[in-house]
Amino acid sequence: MSAYHPLNETEAIEIARKLEGVFAPDAQLACREIGDGNLNLVFHITDSASGRSIIMKQALPYAKVVGESWPLTLDRARIESEALLLEGELAPGLVPVVYLYDQELALTIMEDLSDHVIMRQGLMNGTRYPLFAGHISTFLARTLFFTSDLGRNQQEKKLLARSFTNPELCKITEDLIFDDPYRDADTNSFEETIRDEAQALWNDGELHLEVALLREKFLTRAQSLLHGDLHTGSIFITPESTKVIDPEFAYFGPMGFDIGAVLANLLLNFAGREGWDKTDAGRESYRAYLLDTVKDIWSQFEEKFLALWNEHGVDRLANTAPGYRENYMERLLQDTIGFAGCKMVRRVVGLAHVADIDKLEDASARERAQRLALRIGKSLIKLNRRAVSIDQLIDAVNSAS
Ligand code: ADP
Ligand code: MG
Ligand code: MG
Ligand code: MG
């Protein structure tokens with residue numbers, strides 16, 4: 001193709017036209033840029049005559065946040081396309097098909113999933129997804145197990161980890177999730193009405209110890225290839241289908257970070273329910289559905305992960321040492337709970353928030369949701385190292401509510 005520059009819609013169409021076997025040479029292609037433009041461009045290219053369409057995602061060489069902009073490696077486009085390919089092998093049908101990656105342009109051409117909705121929006125609308133727990137637990141169990149030392153030859157794993165070295169995107173997580181919310185940082189963003197909550201976070205030594213321990217795991221524990229940004233805005237969904245997108249933060253890190261991200265985002269929606277359900281009964285019922293889903297995801301994950309371990313475990317001592325499996329799964333649950341808590345806290349006081357809460361129009365409802373999300377988040381962080389059962393997470397949510 002050509003030297004790197006951000007594409008315009010006409011150029012995107014020209015590239016699409018040259019793809020083999022997708023569009024007819026004389027097709028009338030239409031193109032619209034549909035990304036939010038902070039880090040990446042996303043072009044949706046359609047041919048109304050044939051009904052065919054594709055998505056082209058191009059990385060921008062900078063991140064643009066609240067008027068400021070800082071340089072950001074284009075290598076994340078490679079990481080994203082390679083992660084999608086590997087996840088597609090390990091968890092077939094649960095990620096978009098990648099048609100082409102162009103290194104020069106930092107461009108990934110992939111399956112158009114416009115017949116799905118972004119899960120965050122689906123949850124805000126109050127839609128239920130009865131197959132989601134099954135799908136996401138399969139995605140998590142298979143991608144995490146087969147890239148860990150339990151499921152992959154250990155030399156191979158280390159070689160694979162090389163191509164997923166992602167320092168610049170990890171740094172964003174290290175700062176925005178594991179540091180800034182716990183000090184009076186310029187990047188923080190919260191409403192004045194909850195300044196007391198923010199200040200409480202800055203002065204809570206017990207919380208700081210737990211966050212420092214979780215941060216250390218994020219920095220040092222190359223346990224598995226993570227998606228790295230697995231919130232409900234990175235999941236396309238319908239009642240029948242689940243597709244995980246946007247793994248540009250992929251790197252080898254602690255498994256619980258991905259599982260915790262999913263659970264945290266369900267719980268952020270839980271906290272925002274007051275604005276999304278018309279009646280008290282509707283809210284209670286949807287909240288119960290969310291908590292059932294949280295529990296179901298962990299239970300199915302655990303069952304599937306252990307089944308993979310039984311069938312495909314490659315590490316002799318890990319396979320045979322009495323009590324090792326139980327210990328491993330207990331630590332994984334603890335990490336999951338701790339990381340879920342960190343993910344919740346940052347979405348209320350840190351740089352990027354979630355629509356589940358921020359879009360609540362009534363200011364007092366929004367404030368209650370923010371305080372609830374923080375109560376849940378903090379109690380999960382404080383629970384993490386003591387947890388032995390997923391029921392303790394559910395109890396912590398119920399006591400905070
Ligand atoms: P970013 O990394 O900039 O967040 P995403 O990969 O999350 O980019 O994509 C941003 C938006 O572009 C998504 O929320 C979705 O609306 C749209 N999009 C991304 N990938 C696809 C796809 N494969 N099919 C349809 N729409 C997509
Ligand atoms: Mg975005
Ligand atoms: Mg995204
Ligand atoms: Mg992204």
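Domain bounds in this predicted model come from an automatic or database domain assignment, and on that basis the protein is divided into domain 1 (9-111) and domain 2 (117-400). The C-alpha centres of domain 1 and domain 2 lie 27 Å apart. Across the boundary, 16 residues of domain 1 are in contact with 20 residues of domain 2. On the side of domain 1 that touches domain 2, the largest share, nine residues, is contributed by helix H2, and the residues of this side comprise eleven nonpolar, one polar and four charged.

The two domains also meet around the ligand. Because domain 1 (9-111) and domain 2 (117-400) both give residues to the shell around ligand 1, the ligand lies between them. This shell is made up of 18 residues, of which Asn40, Val42, Ile55, Leu113 and Asp246 are the closest to ligand 1. Two or more residues of the shell are supplied by each of strand E2 (40-47), strand E3 (52-59) and strand E7 (107-111). In character, the shell around ligand 1 divides into nine nonpolar, four polar and five charged residues.

The interior was examined next. The largest nonpolar core contains 90 residues, and those that touch the most other members are Leu263, Leu267, Ala271, Ala373 and Ile376. Helix H9 (residues 256-272) provides the largest share of this core, with eleven residues, while domain 1 (9-111) and domain 2 (117-400) each contribute at least three residues to the core. For Ala373, when neighbours within four places in sequence are left aside, the residues in contact are Leu268, Ala271, Met344, Arg347, Val348 and Ile357. A second core, separate from the largest one, consists of 20 residues, among them Ala16, Cys31, Ala59 and Leu107.

Helix H6 (residues 167-176) illustrates how a single helix can be divided between a buried and an exposed side, its buried residues being Leu169, Ile172 and Thr173. Viewed down the axis of H6, these buried residues fall within an arc of 90°, and they therefore line one face of the helix. An α-helix has 3.6 residues a turn, so residues three or four places apart point the same way. The face of H6 that is turned away from the buried side carries the exposed residues Pro167 and Lys171. The buried residues of H6 are covered by elements that include helix H2 (75-90) and helix H8 (205-220); helix H2 is also the element that gives the largest share of the side of domain 1 touching domain 2.

Technical notes
Residues numbered from 1 in each chain as written. Chains lettered and ligands numbered in written order. Predicted model: local features only at pLDDT ≥ 70, side-chain atom pairs only at ≥ 80, totals over all residues. Core = buried A, V, L, I, M, F, W, Y, C linked by C-beta atoms within 7 Å. Buried ≥ 20, exposed ≤ 12 C-beta atoms within 10 Å, placed from the backbone. Helix = DSSP H or I, 4+ residues; strand = E, 2+ residues; numbered from the N terminus. Contact = placed C-beta atoms within 7 Å. Near = placed C-beta within 6 Å. Nonpolar A, V, L, I, M, F, W, Y, C, P; charged D, E, K, R; others polar. Arc of directions from axis to C-beta.
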